[in-house]
Amino acid sequence: MGHPTMTISKNDESPREAVVATQETRLSVDFQDKPLAYGAVDPEDLTLNPRGWKSLSLAELQPYLQDPYWVRVRMVAAVLFWLTQVVLLTAALGLAVEAASGGQGSAFWRRDVLVAKLTSQVGGETAPCPTNCSGYTQGHPKGVKRRATTESNHTRKQTILLMTWESPSFSHWSWPVRELYQLIALDNCAATVRTERGMEGSRRQHYSLIRIQSPITLSSAVNSFTAVKMSEDDQYSLPNDYPIVELECQVAFDALSNKQKLYAHYLSLASWHGSLAVYLQTSPESPLIFSLLTKVFSNEPIDELKKAALIKGFSEDNFTAFLVYSSVFFSNSGNYKGFGDTKFVPNLPVDQLEVLLKTSKAWNSEPEALQTLWDRVKGPLYSLSEREKQLSYPDKGITCYLSKNCTKEDTVLVNDFLKSKGLEAYNTRLFKIVKNNVTKFEIRLAAIETSPDVIPEADFKGNKFVVTKGDYSPIMKLLVQHLGKAKEHAANDFEKKMLEHYQKSFTTGSLDAHKDGSRQWIKNKDPIIETYIGFIETYRDPAGSRGEFEGFVAMVNKPMSEKFNTLVNKAESLLTRLPWTKEFEKDTFLQPDFTSLDVLSFSGSDDEIRQNEGFKNVSLGNVIPAAYKDAKTPFLTQEDSNILEKLRIPAFEVQVGLHELLGHGSGKMFCQTNDGFNFDADEIKHPFTGRKISTFYKVGETYDSLFTSLGSTYEECRAECVGLFLCLHKDIVEIFGVKGQDAEDLIYANWLSMVHVGVAKCLENYQPSSKLWLQAHSQARYVILRVLLEAGGGLLEVRETDPGKDLLITLDRTKIPTVYKATADLESAKNMYNKYAEVPEDGPHPFAKWRAIALAQKKPRKILVQANTKEDGGKIYLKRYPPTPEGVVQSYIDRFTNMPTHPSILLEELWKMDKDHF
């Protein structure tokens with residue numbers, strides 16, 4: 001489509017007419033004969049020949065025909081013309097060949113289509129649009145809405161965003177120019193057409209209208225304006241109808257004694273206040289965004305802020321977008337999704353957000369402080385460069401586990417150093433310091449204490465290393481204080497000793513002390529209040545070694561726990577059904593505690609503790625129904641969709657039980673010890689090669705330290721496969737109260753759910769540009785999908801039914817009736833797993849192409865609004881919140897209300913200490 005051209009003509013007997021046209025469309029707007037508004041274009045000022053030019057006659061042209069200069073000019077022009085035709089023909093043939101081969105074409109040539117809506121405002125307040133429009137304009141490539149403006153003394157305005165076109169940027173040119181054509185009608189009396197040009201070198205988005213009925217008046221244009229936005233960046237903005245559900249736990253909480261409620265209350269405070277560290281782990285801007293938002297929401301009720309914003313002309317939609325962003329930000333402890341590790345940005349214009357912030361009481365009370373915060377965050381808040389779209393190593397993404405100059409090779413070197421010292425990286429961050437051509441790595445432990453150094457500066461493989469402590473020190477101090485108060489209300493010595501060890505760990509940075517606390521946690525059987533807290537899961541560290549802070553507090557759900565306990569009692573016999581010999585199982589099965597919880601937060605487990613001391617499993621019972629509430633199931637037949645709707649939750653409960661207890665709880669790790677080996681190295685043979693075991697964990701090595709970034713997804717895949725395998729046994733399914741045909745349907749639903757998620761959900765967490773998986777569980781489920789497709793025989797089929805729009809998954813239920821971790825065989829594990837983790841561009845299952853179809857059908861992952869515990873006169877009460885953005889925001893503001901130091905002050909101070917590293 002060519003650039004729009006504009007003509008405005010005037011006829012004394014007819015109304016003024018403004019025309020904006022392209023090669024494909026024509027938009028005609030009629031105006032009344034009324035005085036023009038200030039800044040508008042008077043058609044009388046635009047004539048077809050303002051300078052009085054005229055054409056040359058044939059006689060006047062004759063002398064130029066034989067002039068040697070003009071002959072040469074014509075020859076050059078002719079050569080250039082035919083060269084241009086050859087280039088165009090070649091390009092056309094190339095595009096035809098690529099189209100015939102089914103390729104998508106280079107991203108350079110692709111176009112996104114603009115969403116355009118209309119706005120109507122009267123007297124600075126949003127008024128009902130006279131043409132039934134929705135009240136705002138979308139289309140900025142970063143998800144930022146653009147609203148046209150004009151200088152006028154008229155108060156009513158209607159805006160149509162006709163076209164946005166941004167030229168592509170080339171490696172040797174720097175001319176990415178965006179042209180924004182806007183038609184503004186002021187009270188139906190005058191019009192201006194304005195072109196805005198802006199430089200934005202990092203964007204390559206292309207927009208054009210796809211349909212405007214022609215010829216049409218302004219009124220009919222509004223009613224028939226049809227456009228759809230299809231931008232790759234759209235997935236990073238948040239819809240205003242973001243799904244929110246309540247995590248219900250009122251019944252379980254009411255059943256507690258007041259002493260138990262006090263124990264839960266202080267553990268909850270420890271978990272929430274400790275989670276402030278996650279903002280410092282996620283992205284450089286997250287602590288400052290947290291500070292900005294908490295200051296705004298802490299200074300006045302949300303309703304008052306909204307009222308003030310609407311008076312200033314802020315729209316309802318934009319205020320909702322602000323609340324949605326804030327609620328998702330708090331729920332993810334930063335501006336990257338906790339599940340998927342991709343960035344999200346506000347769904348309102350940056351200038352509108354600034355207007356809203358400046359309307360707040362917080363800004364009026366601290367204008368300089370808020371202006372400084374805003375200046376620091378407004379860039380990264382919206383920025384979507386390729387590197388900023390996901391968490392990863394600093395060269396490919398964002399991380400605050402590693403300083404910005406760290407490389408993947410550096411993390412391997414640091415891992416080797418830690419092994420040599422008998423240390424692990426769970427509660428650390430890594431800072432690389434280069435001074436005078438000397439490289440020093442600082443490994444900093446999370447702790448209240450800041451001195452002395454754990455390991456003084458030492459040389460290792462040509463570099464200097466130092467292990468310090470004091471990371472998140474003021475946050476750890478709050479955490480330890482709350483654990484101390486919780487200890488006063490502990491039910492037994494196991495709980496008291498557990499909390500004492502945790503206090504020591506968070507005070508000194510000792511990971512061994514935390515493991516001692518975990519041992520007491522495991523020994524504490526059948527508690528009424530369950531908790532676990534610390535730097536646990538390593539999913540978000542690109543190296544897969546450093547843990548994100550997590551904490552959960554929960555009340556036991558006794559009915560579901562009884563089913564899990566039955567599974568536990570049969571676990572030892574069920575392990576014999578797994579497809580490996582007894583030599584690959586633990587010498588002694590240590591019966592765990594397995595409970596279903598009505599929960600407030602998260603859980604985790606340490607594999608070294610699991611192998612040698614036993615383990616404990618928890619299922620987040622009230623999270624499962626909340627997560628699957630109103631879940632959609634695209635790409636399935638109606639029959640399969642009905643089965644999932646009916647049985648997805650009970651099937652998932654079975655899968656969770658088998659996954660946690662017999663998936664993560666099964667298998668032996670072959671290790672070298674100070675006395676030899678923990679397995680018979682002479683007799684045990686590798687099941688694939690038939691030879692002696694040649695790879696094993698050396699002294700000081702753990703699963704996470706060896707498998708690093710592969711470890712989490714590989715272990716999750718293994719646990720999922722155990723669940724799928726064992727659910728085929730009907731006597732196991734009957735433990736959960738399901739028998740007969742219902743058991744058959746549940747087994748089918750479990751397998752169907754796994755492959756459906758593999759297609760419909762997992763590809764969202766794959767980044768095509770970097771070819772990186774951003775979430776361990778998603779990668780695991782996709783690998784299972786690929787293996788089942790490879791099995792063939794009609795077991796599973798995925799095909800494209802409507803090209804570019806729809807897929808169909810079919811699983812033959814009649815055809816439904818791993819070992820590398822044990823031997824530390826990293827290379828074999830990596831080769832096998834990475835093969836199935838590939839996302840092919842073509843072939844029978846072009847998942848890279850189908851990813852766009854999956855994204856078009858995706859629904860945002862639900863966020864949970866969680867209750868708070870409040871103390872009043874020695875009694876503990878539960879405060880619940882509505883499942884709305886306002887409810888989520890208020891729940892987070894209330895959690896930090898009574899802190900001795902406002903959390904924004906803590907985070908800003910910690911941010912200043914390390915800002916130069918990120």
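**Exercise 1. Determine how far helix 9 is covered, and describe its extent and its end.**

Solution. Helix 9 is mostly covered, since twelve of its 16 residues are buried. The model is a predicted one, and the assignment rests on a cut-off of under 20% relative accessible area.

Step 1. List the residues that meet the cut-off. In helix 9 the buried residues are Asn318, Phe319, Ala321, Phe322, Leu323, Val324, Tyr325, Ser326, Ser327, Val328, Phe329 and Phe330.

Step 2. Check the span. Helix 9 covers residues 316-331 and reaches 22 Å from its first C-alpha to its last, close to the 22 Å expected at 1.5 Å a residue.

Step 3. Inspect what follows. After helix 9 comes Ser333, with a positive phi near 50°.

Step 4. Set the helix in its chain. The chain contains 30 helices and 28 strands, and buried residues account for 54% of its 918 residues. The chain exposes about 41900 Å², of which 52% is supplied by carbon and sulfur atoms.

**Exercise 2. State in which sense strand 24 and strand 25 pair, and characterise the turn between them.**

Solution.

Step 1. Establish the pairing. Strand 24 (residues 796-802) and strand 25 (residues 806-811) pair in the antiparallel sense, over six bridges.

Step 2. Identify a bridge. Leu796 has Leu811, in strand 25, as its bridge partner.

Step 3. Examine the connection. The two strands form a hairpin with three residues between them. Gly804 lies in this turn and has a positive phi of about 75°.

**Exercise 3. Decide whether Ile448 is buried, partly exposed or exposed, and describe its surroundings.**

Solution.

Step 1. Locate the residue. Ile448 sits in the loop between strand 13 (438-446) and strand 14 (455-460).

Step 2. Apply the cut-offs. Buried means under 20% and exposed over 50%. Ile448 is partly exposed because its relative accessible area is 23%.

Step 3. Find the contacts. Beyond its neighbours within four places in sequence, Ile448 is in contact with Ser473, Met476, Lys477, Val480, Phe506 and Thr507.

Step 4. Compare sequence with space. Ile448 and Thr508 are 60 residues apart in sequence, with their C-alpha atoms 6.5 Å apart.

**Exercise 4. Give the volume of the second largest pocket and identify the elements that line this pocket.**

Solution.

Step 1. State the volume. The second largest pocket holds about 1100 Å³ of space.

Step 2. Find the residues at the centre. Among the 47 lining residues, Tyr393, Lys408, Pro542, Ser709 and Leu710 are the closest to the centre of the pocket.

Step 3. Assign the lining to elements. At least two lining residues come from each of helix 13 (408-420), helix 22 (703-726), strand 23 (772-773), helix 25 (776-791) and helix 27 (826-837).

Methods:
Residues are numbered from 1 along each chain as its sequence is written. This is a predicted model: local features need pLDDT of at least 70, side-chain atom pairs count only at pLDDT 80 or more; totals for chains, interfaces and linings use all residues. Side-chain values use heavy atoms; hydrogens and water are left out. Helices (H or I, at least four residues) and strands (E, at least two) are DSSP runs, numbered from the N terminus. The expected span of a helix is 1.5 Å times one less than its number of residues. Buried means under 20% relative accessible area, exposed over 50%, partly exposed in between (1.4 Å probe, protein chains only). Accessible areas come from the Shrake-Rupley method with a 1.4 Å probe; for residues, only the protein chains shown count as cover. Two strands pair if DSSP finds at least two bridges between them. Contact means heavy atoms within 4.5 Å. On a 1 Å grid over the protein atoms alone, a cavity is a set of points where a 1.4 Å probe fits but cannot get out, and a pocket is an open set with protein on both sides within 12 Å along at least five of seven lines; lining residues have an atom within 4 Å of a point. Grid points are joined across faces, edges and corners, and a volume is the space filled by probe spheres set on the points.
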